[in-house]
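Trainee: I should like to learn how to read a helix and its surroundings in a model of this kind. Where should we begin?

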Amino acid sequence: MLVARSVTECHLYMALHPCEGCGEWDFPWSRHDRGPGPRSAYEGPCPSCGASRRFEFVLAPDAVPPPAYGGPEPSRIIDPGEFLAMSERAARHAAVPADASGPRREDARTAASDALAAVEEVLKFVPPDASAVPASAFTSEPGRARYAADPAAFTRERLQERIEACRQMLLTLTG
């Protein structure tokens, strides 16, 4: 069973796992069941091939509100490479011209907030006495590939710089 720290983490996990039948990334789930206890299941057909898809999660008892993905502990279902890739995508979406319209600026603020939350998740994988995320923390193929391409991106120093850049982006968009 997948253990998620928040509904936001459930949604990101589903977004990171395409249909096994056809590779479709989109998953517009049509049914959400809350099971006994802190269980949550999402299901629906793949929009491309019609295959039935289902994701089941156990939610942590101290689930956090969006845009955060979890509390102080690192994720058990999404690895640091996947979080960094999510942060980079969100940061690109947050980059808007200074004269962008109100709705576009609001979308950009949401994206900047998502970018910040995702990179903060990566930092949780750095042990207190270490200067970088250990290679063993990368459990997915995309995460391992991201780490292999640029291991220095996962140092505490670089992650702190990225967090500060996301905070500045957010300040620019709210000011």
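Mentor: Let us begin with one face of a helix, bearing in mind that this model is predicted. The face of α5 turned away from its buried side carries Glu-157, Leu-171 and Thr-172, which are exposed.

Trainee: Which residues of α5 are buried?

Mentor: Leu-159, Ile-163, Cys-166 and Leu-173 are buried in α5. They lie on the same side of the helix because the arc they cover around the axis is only 90°.

Trainee: What covers the buried residues of α5?

Mentor: The cover includes α2 (80-94) and α3 (102-123).

Trainee: Why does the distance between the end C-alpha atoms of α5 agree with its number of residues?

Mentor: Helix α5 (residues 156-174) has 19 residues, so at 1.5 Å a residue it should span 27 Å, and its end C-alpha atoms are indeed 27 Å apart.

Trainee: How should one approach the nonpolar core?

Mentor: In soluble globular proteins, nonpolar side chains tend to be buried together. Here the largest nonpolar core has 36 residues, and Phe-57, Phe-83 and Val-133 have the most contacts inside it. Two or more residues come from each of α1 (7-15), β4 (52-59), α2, α3 and α5. Among these, α3 gives the most, with seven residues.

Trainee: Which residues does Phe-83 touch, not counting those up to four places away in sequence?

Mentor: Its contacts include Arg-5, Glu-9, Leu-12, Tyr-69, Ala-118, Val-122 and Phe-125. There is also a second, separate core of seven residues, among them Val-96, Ala-100, Ala-108 and Ala-112.

Key
Residues are numbered from 1 along each chain as its sequence is written. This is a predicted model: local features need pLDDT of at least 70, side-chain atom pairs count only at pLDDT 80 or more; totals for chains, interfaces and linings use all residues. Side-chain values use heavy atoms; hydrogens and water are left out. Helices (H or I, at least four residues) and strands (E, at least two) are DSSP runs, numbered from the N terminus. The expected span of a helix is 1.5 Å times one less than its number of residues. Buried means under 20% relative accessible area, exposed over 50%, partly exposed in between (1.4 Å probe, protein chains only). The arc is that of the directions from the helix axis to the C-beta atoms. Contact means heavy atoms within 4.5 Å. A nonpolar core is a set of buried Ala, Val, Leu, Ile, Met, Phe, Trp, Tyr and Cys residues joined through side-chain atoms within 4.5 Å.
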